[in-house]
Amino acid sequence: MTRILDAEVAVPAQSQLGEGPVWDPDRGLLWWVDILAGHVHSIDPSTGARTRFDAGDPVGAVGLTSAGGLVLALVDGFALAGADGQDLTRVPGFIIDRTAIRFNDGKPDPWGNFCAGTMAWNENGNPPGSLYRLTPDGAVCELFGAVGLSNGLDWTDDRRLFYYADSTSGRVDLFDTDPDTGTLGARRPFVTVPEADGIPDGLTLDAEGCVWLAVWGAGELRRFTPDGRLDTVVRLPARQVTSAAFGGPGLGTLYITCAWDGLSPADRADQPHAGDIFACTPGVTGRPPYLFGKTSQ
């Protein structure tokens, strides 16, 4: 039987396109981005203290670095910044055509790199996007192309599997990975979301190796076991669910981001918490985030 959970508003963020939550265990902060506004936010849930900085461009994702700073996927390239966004500096030598595509979701991987993917502004997969990898020495390579709308991604603790959502395909796929290098191997479907049922968006793995998938348009966060079985659904009063991350004491709180982008005035009135961040305690813990510049053990 599928377990049904509810979530409560944890942060009245009202983000236009809230995405990419990540827990900072050293500072006790939850980070997230408001993509189109170009804002990077943080909150200390224990005090309610919030910060925000403007990245100067739309920003698709934020990650933590081993040096205590931030790594960013901006609209058309990568950047590094200090712990609070100061001294933001673009990574030289790589840029994409920002007139047609932009960066979307991304996060550091277990080998100390930062992976992020692209999507067409018109969201129809034309031109196609790609998934890129930024290494700590500043080199960028394309992992693969022919992507409709690059979205959620995460790796298993043993570094042998990589989960990846391409929203326009309606699927989350699974790649074999080399545990020493991160090189991608065979690709196969993991779960498919029927078009009438929503769109796969951001995702995160928990400590039991299960996948929590945000389903845009459905107002749900869904947990799938490693064999692809749906076993938990978190229902939200906001339909455009974008991503999730575990945080808080013991990584026992599940934070869920949402968006109000594209909603009509009537829909926004019907979903007043669209764009807020929700939280629940699902009875399973998460894992510490991977760090850019540090290989996981």
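**Exercise 1. Which residue forms a salt bridge with Asp157, and which parts of the chain does the pair tie together?**

In this predicted model, Asp157 forms a salt bridge with Arg287, and their closest N and O atoms are 2.7 Å apart. To place the two partners, note that Asp157 lies in the loop between strand E15 (150–155) and strand E16 (161–166), whereas Arg287 lies in the segment after E25, so the pair ties together parts that are 130 residues apart in sequence. As for its surroundings, Arg287 counts as buried because its relative accessibility is 14%, under the 20% limit.

**Exercise 2. Are Asp197 and Arg222, which meet in a salt bridge, buried or exposed, wholly or partly?**

The N to O distance between the side chains of Asp197 and Arg222 is 2.9 Å. Asp197, with a relative accessible area of 34%, is partly exposed, while Arg222, at 7% relative accessibility, counts as buried. Asp197 is in the loop between strand E18 (184–192) and strand E19 (199–205) and Arg222 is in strand E21 (residues 220–224), so this pair ties together parts that are 25 residues apart in sequence.

**Exercise 3. Asp276 is buried yet has no salt bridge; which side chain of opposite charge is nearest, and what polar atoms lie close by?**

Begin with the position: Asp276 is found in the loop between helix H1 (265–270) and strand E25 (277–280). The nearest side chain of opposite charge is Arg50, at 7.4 Å, and because a salt bridge requires a nitrogen and a carboxyl oxygen within 4 Å, this pair does not qualify. Turning to polar partners, the side chain of Asp276 has a polar contact of 2.9 Å with that of His273, and a polar atom of the Asp276 side chain lies 3.1 Å from the backbone nitrogen of Ala13. Beyond neighbours within four places in sequence, the contacts of Asp276 include Val11, Pro12, Ile256 and Cys258.

**Exercise 4. How are the rings of Trp212 and Phe246 arranged?**

A search of the whole structure finds 16 aromatic pairs. For Trp212 and Phe246 the ring centres are 6.1 Å apart and the planes stand at 75 degrees, so the pair is edge-to-face, the angle being over 60 degrees. The pair links distant parts of the chain, with Trp212 in strand E20 and Phe246 in strand E23, 34 residues apart. Both rings belong to buried residues, since Trp212 has 0% relative accessibility and Phe246 has a relative accessible area of 5%.

Methods
Residues numbered from 1 in each chain as written. Predicted model: local features only at pLDDT ≥ 70, side-chain atom pairs only at ≥ 80, totals over all residues. Heavy atoms only, no water. Helix = DSSP H or I, 4+ residues; strand = E, 2+ residues; numbered from the N terminus. Buried < 20%, exposed > 50% of the residue type's maximum accessible area, 1.4 Å probe, protein only. Lys, Arg positive; Asp, Glu negative; His and termini not counted. Polar contact = N/O pair within 3.5 Å; in protein donor to acceptor, adjacent residues only side chain to side chain. Contact = heavy atoms within 4.5 Å. Phe/Tyr/Trp six-rings, centres within 6.5 Å; stacked < 30°, edge-to-face > 60°.
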